[in-house]
Structures are given as structure tokens and as C-alpha cells.
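Q: I should like a close look at a single part of this structure. Please describe the largest pocket, together with the parts around it that help in understanding it.

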Amino acid sequence: MKNIILDTDLYNEIDDQIALAYVLKSKDELNLKAVTIAPFTKGEYNTKTSIDKSYEVAKKIFKMCNEQNDKIIFKGATEYFTNDSTQTNSAVNEIIQIAKKNDKTYILSIGCITNIALAIKKDSSIINKIEVIWLGTNFLFMKNDDFNFRQDVEAVRYVLDSKVKITIIPVYPVSYGLMISKYELESRIRNSNKLCNYFCDIFTDDYGTEKIRRVIWDISAIAYMINKEWFETMEISCPRIKEDTSFKLTKFRHKIKFVQNLDSTEIYDDLFSKITKWGIYENKILWW
């Protein structure tokens, strides 16, 4: 079983919350050691207030999944990474501690990558004990204007330059394949349990903007750890980041992986089969 840390900006979008539930429902494949909260800036939330809100929502998802051990949730950075960063926090400390205790730990990063950059900077000895799966960037020949990247460019550059083992799942066009409508979601999970009803209820709301169709981006990182056969990857020399945020391809740097394609049908079938099986409905624990 794989030891994982989920690093997430949980309140940013519904996909982070579904990704956390996906992890909690995948105990046969994944050993969740910690949930570390990453900052985001959006709407009324800044890097400081978003941490508290995401922490609160993480505890809510744990409760709806009937998970009692919410003490493994840790608040992360309240500022984005810079090369002269000296900040530390409970999430960074926990990442380092878990990495040192285990032979191998996978960090599934589905928000900005600040916490991971800070952990590597604070204790570079963890580089050989962790592997990062990051949802971020666009594909190699596109400008990197996705949310996770543009908040945190210096952290991305630092992590790539650190030579840590990393697989990048690009937002466009790869994770974009996980587009789904509220109608399909309703037909697949509505009335299965309280958790599923909650996801159906919040699906259309995105900071006051109603969405009938949206991408559940973040489940891709979870699914990658569950079954890599659902993904096609390529190994390349680690690119550099240019001033316009696009990648400059290289030939002789260390190798990293990029995901090129994913099987959305297999991923959604696995997700839905797990989150509909058990949960809490009207304050009663249900088993199927």
C-alpha cells in the first residue's frame, strides 16, 4: 500500500473536496498519512483566510466520510514561496517528519506547490524519499496560465530545480478530459448518501457563478496513484520556465514525467463506485 500525503487548497473548488473523499474511500490502495492545506487567493479569500476555510472544510469531509482521525489535517503556508522564504508551519513540518519515517512517500499536490517547496528547502534530505504528483501547468507547448501554476511560479521553479522525482498532470488538455455535467453527476450519485448529496448540491456554485458543466480536475492525481494504467505518460528532460511562463525544453537535465492522456471513464467509474458505497445519510451510517 502506498503512503501518501494530500496537499490541497480544499475550499478553492469542489474538485478538491471530491479528491479528498476519493482518497478516504480508497483505503485498499492508499495509506493517507496527512492532509496538508495549501493557500489560494480567490474571491474574498486570501492566502491567510483560505487556509482556515480549507481546514474547516477538510474536517467536514472527514466527518461525512465517517473518518474520525481528523488530527492528520495540518495547516500550511499563509504566504506563497519565495527564494528567501524562511516561514515554517505544521504542514511543512509534518511533510518532513512523514518523509523521514517512511521509505517512500507520495505527495499528491492538487493546489499551489508552496508547502512542498518549503519542505524541500527546509530539509533537502527528503528529496530521495518522496515522489510528487502535481496537478498543474498546461501541456509543454502552451503558456502556463493555470491557477495552480500562476499563483506560485517561484515554488514550481524551485521544486523542478530540486531534482525531486515528479510527475506533472497538466490541466489543459489532459485533466480537462474530466469534464462532467451536473445531470450526469446527479444520475450517478444523487441519494446514495449524505456525502453524495452534498457534492450534487454544491456542484453548480463557484463563488457566485453557476456552472452546469465543470471539470473535476483534482481526482486525476488520486486516480494516478490508484491505477497508472488509466494514464499515458512521457519522460522528458526537465524543462525550464521562461519569463512568459511557458516551458523551454532542454536535453540534458534530470528526467521528469508528464501525463499525456487519461481514461476519464475508468476514473469516474472508480470514483463513483467508491463514494456511493457507504457514508452517512441523515445521521445514520449506511453500508452496502
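A: The account below begins with the pocket and then turns to other parts of the chain.

This is a predicted model, in which local features need pLDDT of at least 70 and side-chain atom pairs count only at pLDDT 80 or more, while totals for chains, interfaces and linings use all residues. Residues are numbered from 1 along each chain as its sequence is written, and side-chain values use heavy atoms, with hydrogens and water left out.

The largest pocket (an open set of points on a 1 Å grid over the protein atoms alone, where a 1.4 Å probe fits, with protein on both sides within 12 Å along at least five of seven lines) holds about 380 Å³ of space. Its lining (residues with an atom within 4 Å of a point) has 23 residues, and Glu 13, Phe 147, Val 171, Tyr 172 and Trp 217 are the closest to the centre. Three elements each supply at least two lining residues: α1 (14–24), α5 (147–150) and β10 (213–215). Of the elements, α5 contributes the most, with 3 residues. Helices (H or I, at least four residues) and strands (E, at least two) are DSSP runs, numbered from the N terminus. By class, the lining has 9 nonpolar, 2 polar and 12 charged residues; Ala, Val, Leu, Ile, Met, Phe, Trp, Tyr, Cys and Pro count as nonpolar, Asp, Glu, Lys and Arg as charged, and the others, Gly among them, as polar.

Two of the residues closest to the centre, Val 171 and Tyr 172, are also touched by Thr 137. Thr 137 lies in the loop between β5 (130–135) and α5. Because its relative accessibility is 0%, Thr 137 counts as buried (under 20% relative accessible area, with exposed over 50% and partly exposed in between, for a 1.4 Å probe and protein chains only). Beyond residues up to four places away in sequence, the contacts of Thr 137 (heavy atoms within 4.5 Å) also include Asn 144, Asp 146, Phe 149 and Ile 168.

Another loop residue, Ile 110, sits between β4 (105–109) and α4 (114–122), and at 1% relative accessibility it too counts as buried. Asp 16, Ala 19, Leu 135 and Asn 148 are among its contacts, neighbours within four places in sequence aside. Ile 110 and Ile 222 are 112 residues apart in sequence, yet 9.4 Å apart in space, C-alpha to C-alpha.

The second largest pocket has a volume of about 270 Å³. Of its 16 lining residues, the closest to its centre are Tyr 11, Gln 17, Tyr 198, Ile 202 and Asp 205. Two or more lining residues come from each of α1, α2 (47–64), α8 (194–202) and β8 (205–206), and α2 gives the most, with 3. This lining divides into 7 nonpolar, 2 polar and 7 charged residues.

Helix α8 also packs against α7 (residues 182–189), at an angle of about 170° and with the axes 10 Å apart. The two helices are therefore roughly antiparallel to each other, a term for angles over 145 degrees. Leu 185, Glu 186 and Ile 189 of α7 meet Cys 196, Phe 199 and Cys 200 of α8 in this contact, which has 5 nonpolar, no polar and 1 charged residues.

Technical notes. Points joined across faces, edges and corners; volume = space filled by probe spheres on them. Axes fitted to C-alpha atoms, helices over the stretch in contact; angles between N-to-C directions. Parallel < 35°, antiparallel > 145°, perpendicular 65-115°, else oblique.
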